[in-house]
Amino acid sequence: MATWVFTEATAGGPGEPALEVLSKAASGGEAVAVYLGEASADDLAVLGAHGASTVYNLTGGGDLPAAAAAAGLADLVEREAPGAVLFAQTYTSRDVAGRLAARIDRPVIANAVDVAIDDGCTVTSEIFGGTQLVRTAFTGPGPHLVLVRPKSFSADERGGTVNRVEEYPLPDAGHAGSPQVVDTTVEQAEGPQLGSAKVIISGGRGLGSAEAYSLIESAAEPLKAATGATRAIVDAGWVPYAKQVGQTGKTVKPEVYIACGISGAMQHMVGMKDSKRIVAVNKDPEAPIFSVADLGIVGDVHQVLPKLAEALRSRS
Ligand SMILES: Cc1cc2nc3c(=O)[nH]c(=O)nc-3n(C[C@H](O)[C@H](O)[C@H](O)COP(=O)(O)OP(=O)(O)OC[C@H]3O[C@@H](n4cnc5c(N)ncnc54)[C@H](O)[C@@H]3O)c2cc1C
């Protein structure tokens, strides 16, 4: 039975988190992409390369298409009876998955970090800030609905092509589809981005002030690193939410993650603990962040960071 993967169009084509899930689905058997947005030939090539043999292209739906997408997906699911429908855990996909679950009366398991689909469907998810793994098997009838955390899999190109495309104009979702976007603010994203940078340097409350975040930016520049933050300093208004790493922020997996003045609360660690190498700077030798660090520097960020930036600049 095919595994379906809900995939959203973004400005750059199919969204990366969904491509990660699609690639994983294709590694275990037939994968079908349900693509929300007008699919261009390039989009179809990307979906095929990541393992989709069939694409259902959901078109229409307006500015806030989740309600209509869930209605259309429910129709398709009823018609085709897939074994599972996987979603990357993005805002729109979460919205669609919840609405679909209600429409077809099936449970949805969220926060998955792994999925095994054979005769059934078993989902691995993290609890207690990623310190424990729980495996949950669906026991009821399919399709099984799963939301997968970004960066759980890599978006590998498998070299395939799409054999079949069916365009599916979204139905009218009635009252559920009536909200409209009245204004949009695009936050300017400059420099390396958290989702793709090889190196990330993040700051926490240990910086002491909003102005001291410039220490993070100065060290990031010679490293070509993206800059991140804890929720504590986002809530304090020192940096925008787009920089937040953790349970209610972004999940990152860079080659190197440098945590500065960050205690290592489980809600932060769940978003960065899978980084390849972790460096921590904290004046408290007992700080929990050191339990996941490959390299720990016990010291004051106001002294360590300027020296680090200077040493890096002298090398570049
Ligand atoms: C539902 C929920 C969701 C959450 N989601 C997130 C999330 O997504 N991301 C997130 O980050 N948090 C999240 N949190 C908050 C989280 O629990 C912590 O409160 C937060 O991560 C702490 O941030 P911090 O490490 O910057 O601050 P603190 O915990 O206050 O740590 C500051 C650290 O800086 C060190 N320090 C102080 N001065 C210096 C200095 N001069 N030099 C070096 N080190 C110094 C201290 O020793 C301390 O270890 C969430 C909480 C809840 C309840």
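**Close-up 1. Five strands form an open sheet with parallel pairing in this predicted model.** The strand order is β12-β11-β13-β14-β15. Strands β12 (226–229) and β15 (295–298) form the edges, each pairing on one side only. From one strand to the next, the twist averages 15°. Strands of a sheet pair through backbone hydrogen bonds, in either a parallel or an antiparallel manner.

**Close-up 2. Strands β13 and β14 run parallel and are joined by five bridges.** Strand β13 comprises residues 256–260, and strand β14 comprises residues 277–282. Opposite Arg277 of β14 stands Val256.

**Close-up 3. Helix α5 lies across three strands, namely β11, β12 and β13.** The helix spans residues 213–223 and runs at about 170° to β11 (199–203). Of the strands that α5 crosses, β12 is an edge strand of the sheet. In the strand order, β11 stands between β12 and β13.

**Close-up 4. The ligand is surrounded by 28 residues.** The closest of these are Gly204, Gly206, Gly246, Ser263 and His268. Two or more residues of the shell are given by each of α6 (231–235), α7 (266–269), β14 and α8 (301–315). Helix α6 provides the largest share, three residues. Strand β14 thus appears both among these elements and in the five-stranded sheet.

**Close-up 5. The shell around the ligand holds nonpolar, polar and charged residues.** Eight residues of the shell are nonpolar, 15 are polar and five are charged.

Methods
Residues are numbered from 1 along each chain as its sequence is written. This is a predicted model: local features need pLDDT of at least 70, side-chain atom pairs count only at pLDDT 80 or more; totals for chains, interfaces and linings use all residues. Two strands pair if DSSP finds at least two bridges between them. Helices (H or I, at least four residues) and strands (E, at least two) are DSSP runs, numbered from the N terminus. Axes are lines fitted to C-alpha atoms, for helices over the stretch in contact, and angles run from 0 to 180 degrees between N-to-C directions. Two residues are in contact if their C-beta atoms, placed from the backbone, lie within 7 Å. A residue is near a molecule or strand if its C-beta atom, placed from the backbone, lies within 6 Å of it. Ala, Val, Leu, Ile, Met, Phe, Trp, Tyr, Cys and Pro count as nonpolar, Asp, Glu, Lys and Arg as charged, and the others, Gly among them, as polar.
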